[in-house]
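Me: Please take one part of this structure and examine it closely. I should like to understand how that part sits among its surroundings, with each term explained.

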Amino acid sequence: MTKEELKSRLGELLPSATFEEGTEWTTIMIDPSAWKGIARQLRFTPGLDLDYLFCLSCVDWKTHFTMVYHMESTLHRHILVVKAKLDRSDPEIATVSDIWRTAEFHEREAYDLFGVRFTDHPDLRRLFMTEEWKGWPLRKDYEDPVNMIKL
Amino acid sequence: MDVGNKTADPFPGEVHPTAGGGIVVSKLDEIINWARSNSLWPLVFGTSCCAIEMMSTAGAKYDWSRFGFEVARATPRQADVIVIAGTIVNKMAPVLKRLYDQMADPKYVIAMGACATSGGPFFYNTYSVVKGADHVIPVDVYIAGCPPRPEALLHALITLQEKIRSGATREQIKVEKP
């Protein structure tokens, strides 16, 4: 599907989503509370078939977090980026590890480094840091007086 | 043999020609050090981009085998020198320490590049990087660079050979050159 076709298709399917302009890939902004249903639609709607989640990341904007999901259809070769704005004091979003299995570890990573809680995640534990580690190292306001030399 | 070149030091000792051959007079310690310096087996150990340069140095173009770093060993039990090629993070530090402890004496360490020397680009504002591999294990030779070129690694390896041939231990060198 071309970018225009994908955009018009998504506009019909997800009236609540807004499009981000001027991006290389088609990008939609969604409400995090609706994410689980949207994810299922994106994955299973015939014609979309976004079956490959190739990047899952979190961005700390100091005022809020943004979850970013990059996905591709191996069938139709189109790429879609989904962004969801999260509350920084209580970041929470539904897991998609049951839709894309690869999300299980990526979500653990986002939890480990940013403290984003993924509801209904089967195994939300620390991934890189030790079990007893305090804090979320990739947050912009992270302080570690033992290991960090501030500049 | 090119005697003027330091890297091609001849066999230590004097040859006294006699009828039908000759007699070599030398010191056993010097012979041992000469042998050791010309047969240093490095450990397969690389933690980031410096390892790519190290592999290049081992490859056909630069070929560190020419200087006696013949075979990289995948086990510390058979290795003589460990080239710390890359960043050492807090999680890697105990692994590095264990590898070093498992190597048989005499063993040598080269800190390759900025990360292994001081933490380099990760010195400030990082929670995970060890600020210099010498916090974990003693280092014989440091190389500057990010990453250093293969020539720099070869220079460090040759420097290590000179250090071994001089016969001084790490402690002796520190006392003599404060």
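Reply: Two residues are said to be in contact if their C-beta atoms, placed from the backbone, lie within 7 Å. By that rule, among the contacts in chain A between residues at least 6 apart in sequence, 46% join residues at least 24 apart. The model is predicted: local features need pLDDT of at least 70, side-chain atom pairs count only at pLDDT 80 or more, and totals for chains, interfaces and linings use all residues. Residues are numbered from 1 along each chain as its sequence is written, while chains are lettered from A and ligands numbered from 1 in the order in which they are written.

The part chosen here is helix H5 of chain B, residues 150-165. Helices (H or I, at least four residues) and strands (E, at least two) are DSSP runs, numbered from the N terminus. The expected span of a helix is 1.5 Å times one less than its number of residues. For the 16 residues of H5(B) this gives 22 Å, and the end C-alpha atoms are 23 Å apart, which agrees. Just after the helix, Gly167(B) takes a positive phi of about 85 degrees.

Which residues of H5(B) are buried? A residue is buried if 20 or more other C-beta atoms lie within 10 Å of its own, exposed if 12 or fewer, and partly exposed in between, with C-beta atoms placed from the backbone. In H5(B), Leu153(B), Ala156(B), Leu157(B), Leu160(B), Gln161(B) and Ile164(B) are buried. Viewed down the axis, they fall within an arc of 145 degrees (the arc of the directions from the helix axis to the C-beta atoms), so they line one face of H5(B). An α-helix has 3.6 residues a turn, so residues three or four places apart point the same way.

That face is covered by several elements of chain B, including helix H1 (28-37), helix H2 (49-58), strand S3 (81-85), strand S4 (108-112) and strand S5 (141-143). H2(B) has buried residues of its own: Cys50(B), Glu53(B), Met54(B), Thr57(B) and Ala58(B). These cover an arc of only 145 degrees around the axis, which puts them on the same side of H2(B). They pack against S3, S4, H4 and H5 of chain B.

H5(B) also contributes to a nonpolar core, that is, a set of buried Ala, Val, Leu, Ile, Met, Phe, Trp, Tyr and Cys residues joined through C-beta atoms within 7 Å. The largest such core has 37 residues, and those with the most contacts inside it are Ile82(B), Val83(B), Ile84(B), Ile110(B), Ala111(B) and Met112(B). At least two residues of this core come from each of H2, S3, helix H3 (93-102), S4, helix H4 (113-118), S5 and H5 of chain B. Met112(B) illustrates the link with the helix: neighbours within four places in sequence aside, its contacts are Cys50(B), Met54(B), Val83(B), Ile84(B), Ala85(B), Ile143(B), Pro148(B) and Leu153(B). A second, separate core of 30 residues includes Tyr69(A), Leu80(A), Val96(A) and Ala110(A).

Some context from the other chain completes the account. Chain A has three helices and seven strands, in the order α-β-β-α-β-β-β-β-α-β along the sequence. Of its 151 residues, 25% count as buried. Where chain A meets chain B, seven residues of chain A are in contact with six residues of chain B.
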